Amino acid sequence: MAAWHAARAGASVVLLERTVDGGRKILISGGGRCNVLPAEERAGAFVTDSPPRLLHRLLRGWPLAEQRSFFESELRLPLTLEAESAKLFPTSGKARDVRDALVGAVRASGARLWFGARVTDVRPDPGGWTLHLDGAPPLEAGAVVVATGGLSVPATGSDGFGLDLAARLGHVVHPTYPALTPLTAEPSPHVHLAGVSLVAEVRAPSARPRFQTRGGFLFTHRGWSGPAVLDASHLATRARLGIGAEAPAAGRLLVRWSPRSRDDWEADLRTGSGSVARVLAAHLPERLAQQLCAESAVPAERALAQLRRNERMALLELLCDYPLPWTGDEGYKKAEVTGGGVALSEVDPHTLQSHRTPGLFFCGEVLDAFGPIGGHNFQWAWSTGRAAGRGAVAYCMGPQARPGDV
């Protein structure tokens, strides 16, 4: 996105990509379908250790409706709304079509794509920048856009270079951590529930601001996954690493296994008929119902008429405020994004140029912000990429410009 906007504005652009084909995070997103954009704005759901007003300003720079129009009109990539998940996917259902459309647009813009290029160093010099590459001559540039460099899913080429570069050049880089990653427990108390899925609510009552999300919840052999768990996982990883004033209390996650209220459950347990397991299984997967009975020390076949008050209270606690017993997480290997990064106060909110090093621009995952599951992180990438690409061109056309590449 940065390269396209820079090239379309008239700059001579070289896009350096470490992998041989590019866009690998696009290819693996959305189960191979790529949720290009969310259906609606959720700026308040983004996480940052920077002032939220800066994050909101960056998102407002390219409204969601205009981003959708870009994909459908400029890239000729029709998008379809999946109402159930409130996500926009390519109508073809193929993530590869998204990646190929972007690569094709960059080629058509006149930019040069250099795949398999490993940048080893980026240094400012009196007239601009020098980029050192592994196995190739250095490049000189009038400006540099760092559009990569996070740590998530290293198999896609992420190696943290952008974060290291920012720190080396004196920028404030907030502590990084895996975000949108599955949670684990050692040993896993629910290994026998692996494969069970449902829609659940996860909340962190001690987080500031308080956190609550609702979505798919999946039991795995090592712990828990699904959108609800992924969206809450940063609270656990931050607590584990001691990041933030709220750690470790914010890492206490509670699960409500169904939309039913505590009063609804209590009414059923007081006045219903049949066994405890039967009442629970009417609203929950049967294996989970059996597990909750076991953990509350209530025999699954106990008749409701014989249920004691303390047993009912134990069941209600686990049904509505189940403490998720996580002990770890899957780390960057399976994290969809990197939390933390270059402080938003380090860049101009309009151009994303570094306040410390003129001619250097940051965008995407290397910046200190990420959103929830559902296309929000692509929204962030597209918006900041556009701003950085356009900002780099404006810089190179200014009085300090010299012949060279962006």
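Of the 406 residues in the protein chain, 54% are buried. The model is a predicted one. Its secondary structure comes to 13 helices and 19 strands. Two separate nonpolar cores are described below, the largest with 46 residues and a second with 38.

**Overall build**

- Taken along the principal axes, the C-alpha atoms of the protein chain fill a box of roughly 85 × 40 × 40 Å.
- Contacts often span the sequence: among those between residues at least 6 apart, 71% join residues at least 24 apart.

**Surface and charge**

- The protein chain exposes about 17,700 Å².
- Carbon and sulfur atoms supply 51% of that exposed area.
- The chain carries 44 positive and 40 negative charges.
- The mean positions of these two sets of charges are 1 Å apart.

**Nonpolar cores**

- The largest nonpolar core has 46 residues.
- Within this core, the residues that touch the most other members are Phe217, Phe219, Trp224, Leu253, Trp257, Leu280 and Leu292.
- Two strands, S12 (197–204) and S13 (211–219), each supply at least two residues of this core.
- Helices H7 (227–241), H8 (262–271), H9 (276–281), H10 (286–295) and H11 (309–320) also each supply at least two.
- Helix H7 gives the most to this core, with six residues.
- The second core is separate and holds 38 residues, including Leu58, Trp129, Ala166 and Leu344.

**Arg238, a charged residue in helix H7**

- Arg238 has its place in helix H7.
- Its relative accessibility is 5%, so Arg238 counts as buried, the cut-off being under 20%.
- Leaving aside neighbours within four places in sequence, Arg238 is in contact with Asp49, Tyr177, Ile243, Gly244, Glu246 and Ala247.

**Cysteines**

- The count of disulfides comes to zero.
- Cys34 is in no disulfide; the nearest cysteine sulfur, that of Cys363, is 17 Å away.
- With a relative accessible area of 0%, Cys34 is buried.
- Cys396 is in no disulfide either; the nearest cysteine sulfur is again that of Cys363, 15 Å away.
- A disulfide needs two sulfur atoms within 2.5 Å, and for Cys396 the nearest cysteine sulfur lies 15 Å away.
- Cys396 has a relative accessible area of 19%, and because buried means under 20%, Cys396 is buried.

How values were computed: Residues numbered from 1 in each chain as written. Predicted model: local features only at pLDDT ≥ 70, side-chain atom pairs only at ≥ 80, totals over all residues. Heavy atoms only, no water. Core = buried A, V, L, I, M, F, W, Y, C linked by side-chain atoms within 4.5 Å. Buried < 20%, exposed > 50% of the residue type's maximum accessible area, 1.4 Å probe, protein only. Helix = DSSP H or I, 4+ residues; strand = E, 2+ residues; numbered from the N terminus. Contact = heavy atoms within 4.5 Å. Areas by Shrake-Rupley, 256 points an atom, 1.4 Å probe, with all protein chains shown as cover. Lys, Arg positive; Asp, Glu negative; His and termini not counted. Charge placed at Lys NZ, Arg CZ, Asp CG, Glu CD.
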